[in-house]
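The exercises below are meant to be worked through with the sequence and the 3D structure at hand. Each task is followed by a solution that goes step by step.

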Amino acid sequence: MVHVAPCEALTGEKCTVTARVTEYPTLSEDYSRLTVRVLEGAPRERAWLYLYHDELPDLRPGDIVTAEIKIVSAMDRGGSRLHSATAAGISLRGYFTETVTRTGRDPLAWRYLPQEISRYVQETCGRLFAGDAAIFMKALLTGDKQELYDDVPLYESMRQSGVLHAVAVSGMHIFVLITFLRMLLGRGRRTSLISLPVMGLFVLMSGCGASVVRAAVMQTIYISAPIFGREEDGPSALSAALLVLLIHNPMAVGGIGLQLSFACMVGYAVFLPGILYRIARRRWLRDSKLVNRALGNLGNTLCATVFSAPVAAMYFGAVPLFSPLANLLTLTVVEICFAGGYVLCLAAAIWPAAASVGAWVLTWGIRWCTMIYRFIGSLPFACLYTVDRWAVLWLAFVYALFFAWSILRRRGLRLAAVLPAELGIIALCAVLLAGTIRLGLGRREMSVLDVGQGECVVLFDRDSAVVVDCGGSNLYNAGDTAADYLLAAGKRHVDLLVLSHLHEDHTNGVETLLYRMPVRTLILPADAEDSDGMYERLRSAAERFGTEVLLLEEPAEVVVGELSLRLMLPDAGSGENDRGIVTQASYPGVSALIMGDAGKPSELRLLAAGLLEDADILVAGHHGAKTSAGALFLRAIRAETAVISVGYNSYGQPAEETVDRMMRYGCRVLRTDRSGTVTISMKTES
């Protein structure tokens with residue numbers, strides 16, 4: 001807090017700063033981020049500075065820049081204290097309020113050689129490889145996953161397969177490097193003395209990213225024991241490494257990366273020696289290099305998963321079930337690509353033609369990996385989703401089983417490890433069967449998903465599923481949130497996706513949802529504004545994934561199972577919010593009115609046209625803004641429950657006066673920022 005507190009005290013202030021660029025700018029869809037060290041005008045700390053809807057000048061690490069910025073909190077992101085900035089050693093965040101000016105160059109710019117090496121590796125991968133292969137190799141060699149995030153099919157297939165760790169330059173890569181050296185040189189003092197500079201060179205070549213530096217610190221302490229004549233003790237070494245990292249930056253403990261890395265390394269330290277010992281005791285396994293290698297990869301995966309799976313489930317809401325299989329089939333190939341990629345980057349500077357031939361060979365390995373990832377990611381039960389409480393209970397049950405097994409083993413009761421494994425598999429089958437039974441019985445409900453500042457409404461009717469809007473501001477993509485929710489409910493397709501309008505907070509998860517699940521029909525307003533190319537992106541994505549696109553030009557009714565949808569177009573004014581689609585979803589005996597971002601002008605237009613009927617549930621317009629849910633409107637629809645889909649925002653939504661007005665007209669008000677996902681069972685007529 002010594003570094004963070006002075007910066008937090010300036011939150012909301014504008015100031016002119018001079019800063020030194022420390023990394024190449026990071027480009028996103030609607031903003032650029034510059035990592036700097038402030039020199040003048042604000043506390044001399046590392047900072048992330050953002051530029052929205054514009055381009056930064058061509059900047060390199062070591063450049064000196066000057067600009068006016070507005071400081072925002074580094075502790076809060078999206079209203080939750082995620083510490084994503086402070087965990088990375090960033091004490092100050094802000095955004096540029098004027099043009100960034102390059103004013104000079106740091107005379108000690110050579111210190112940024114690692115960043116230059118990382119940029120060279122990325123550019124070389126872009127020249128040597130094409131398409132998915134280039135994206136995969138950039139992520140594998142440097143840990144830069146921005147292009148991977150943008151390639152939704154590739155990213156989602158890797159996420160569903162549980163192999164994203166393969167392209168996060170961190171503990172696994174360092175571990176593979178050290179293991180390779182020990183296979184060549186054996187264990188001992190000489191190997192440790194050689195391993196340390198080799199590991200340092202690798203850290204430099206990978207660009208000194210936070211994850212790889214963190215892993216290198218852990219491994220340095222671990223392998224230094226023989227140098228000082230001490231016995232290797234994994235748990236003690238990891239504890240010492242964690243202490244060193246937290247002394248340097250105590251806020252790192254809040255980072256997802258540190259928690260996952262440490263969890264993986266603990267698994268390696270605690271379980272891997274025993275697994276390798278048992279393999280070595282069996283001669284037929286020891287003498288068969290192929291089998292030995294396969295079992296070693298499987299052991300690595302299982303060890304890394306033991307403690308990291310609960311952490312990943314907590315943050316990302318999914319437990320990949322086939323991760324061991326995906327790693328077994330691809331990890332050796334990934335390791336070859338990893339080593340070969342660096343060799344090719346070096347060769348490209350000396351003999352470009354030979355490097356091109358080598359890249360062609362490695363591309364076949366990458367194609368094998370991506371084929372496996374896509375196949376496994378497409379399996380019906382590739383993941384369990386923690387949105388399903390039975391999945392959470394199963395995960396807890398499995399850990400309880402193995403904990404009980406280990407206690408009984410320590411007390412002398414000889415039980416094979418296969419016993420808790422079999423019980424866990426039986427319990428998993430029961431969870432999956434229960435989901436299938438629930439799907440067969442059917443469920444009629446409406447869920448307003450917690451997607452942050454945005455909206456995504458899911459409607460179930462037995463075998464059918466309808467989604468209205470799919471966008472938000474959470475760290476987790478709204479399309480993933482919707483797909484996980486649907487899959488956890490046993491749904492394998494979406495019959496209809498309705499987009500009220502094309503604002504990003506209602507649409508930025510659509511492409512991910514289209515990839516994750518078949519969507520039969522997409523409906524959007526015909527006269528929606530397309531100032532940022534959103535319509536073209538949606539149309540292109542729908543065409544790619546085989547989704548029919550319908551442009552709504554006049555009010556219409558759609559029936560999906562026993563769910564009836566009235567799609568209304570208020571066409572009230574020039575703003576896109578009030579020209580979007582308003583949806584009334586009706587089950588037998590109960591209905592819900594989903595307003596999108598429509599405000600009072602739309603409400604009055606619908607009232608005047610006599611289109612509004614009584615609604616039991618209201619999904620409030622424009623996230624509960626003061627311009628929505630007028631008195632005449634609330635009196636007319638007589639809703640019993642109002643749901644506000646809202647997250648952290650700077651607009652003051654939901655407005656207190658709007659919430660008070662809803663309650664005054666008899667609505668029970670529920671908010672996703674306080675209650676999380678709101679699910680309402682739609683009772684049918686008896």
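**Exercise 1.** Determine how strand S10 is joined to strand S11, and place both strands in their sheet.

*Solution.* In this predicted model, strand S10 (residues 444-448) and strand S11 (residues 455-461) run antiparallel and are joined by 5 bridges. Within that pairing, Ser447 has Val458 of S11 standing opposite. The next step is to follow the sheet outwards: it is an open sheet of 7 strands with mixed pairing, in the order S15-S14-S13-S12-S11-S10-S23. Its edge strands, each of which pairs on one side only, are strand S15 (548-552) and strand S23 (678-681). From one strand to the next, the twist averages 15°. Finally, helix H17 (residues 478-488) lies across S10, S11, strand S12 (464-471), strand S13 (494-498) and S23, and runs at about 160° to S12.

**Exercise 2.** Describe the open sheet that contains S18 and S19, giving its order, its edges and its twist.

*Solution.* The order of this sheet is S16-S17-S18-S19-S20-S21-S22, which makes an open sheet of 7 strands, and its pairing is mixed. At the edges are strand S16 (556-560) and strand S22 (668-671), each pairing on one side only. The twist averages 20° from one strand to the next. Looking inside the sheet, one finds strand S18 (residues 582-587) running antiparallel to strand S19 (residues 590-594), with 5 bridges between them. Ser586 is a residue to inspect here, since it stands opposite Ser591 in S19.

**Exercise 3.** Check the length of helix H3 against the expected rise, and decide whether the helix is mostly covered or mostly open.

*Solution.* Begin with the length: H3 (residues 131-142) has 12 residues, and at 1.5 Å a residue these should span 16 Å, so the 17 Å between its end C-alpha atoms agrees with the expectation. Next, consider the burial, for which a residue must have under 20% relative accessible area. By that criterion 10 of the 12 residues of H3 are buried, and the helix is mostly covered. Among the buried residues are Ala133, Ile135, Phe136, Lys138 and Thr142. Last, look just beyond the helix, where H3 is followed by Gly143, with a positive phi near 80°.

**Exercise 4.** Characterise the packing of H3 and H13 by geometry, then by the residues that meet.

*Solution.* Two packed helices are described by the angle between their axes together with the distance between the axes. For H3 and helix H13 (residues 323-348) the angle is about 90° and the axes are 10 Å apart. H3 is therefore roughly perpendicular to H13. Turning to the residues, Phe136, Met137, Leu140 and Leu141 in H3 meet Val334, Cys337, Phe338, Gly341, Tyr342 and Cys345 in H13. The residues of this contact divide into 9 nonpolar, 1 polar and no charged.

**Exercise 5.** Is Arg190 buried or exposed, and how far in space is it from Ile227?

*Solution.* Arg190 lies in helix H7 (residues 189-205). Because its relative accessibility is 53%, and exposed means over 50%, Arg190 counts as exposed. The C-alpha atoms of Arg190 and Ile227 are 8.0 Å apart in space, while the two residues are 37 residues apart in sequence.

**Exercise 6.** Summarise the protein chain by its secondary structure, burial and contacts.

*Solution.* The secondary structure of the protein chain comes to 24 helices and 23 strands. Of its 686 residues, 50% are buried. Of the contacts between residues at least 6 apart in sequence, 70% join residues at least 24 apart.

Definitions and conventions
Residues numbered from 1 in each chain as written. Predicted model: local features only at pLDDT ≥ 70, side-chain atom pairs only at ≥ 80, totals over all residues. Heavy atoms only, no water. Helix = DSSP H or I, 4+ residues; strand = E, 2+ residues; numbered from the N terminus. Buried < 20%, exposed > 50% of the residue type's maximum accessible area, 1.4 Å probe, protein only. Pairing = 2+ DSSP bridges. Axes fitted to C-alpha atoms, helices over the stretch in contact; angles between N-to-C directions. Expected span 1.5 Å × (residues − 1). Parallel < 35°, antiparallel > 145°, perpendicular 65-115°, else oblique. Contact = heavy atoms within 4.5 Å. Nonpolar A, V, L, I, M, F, W, Y, C, P; charged D, E, K, R; others polar.
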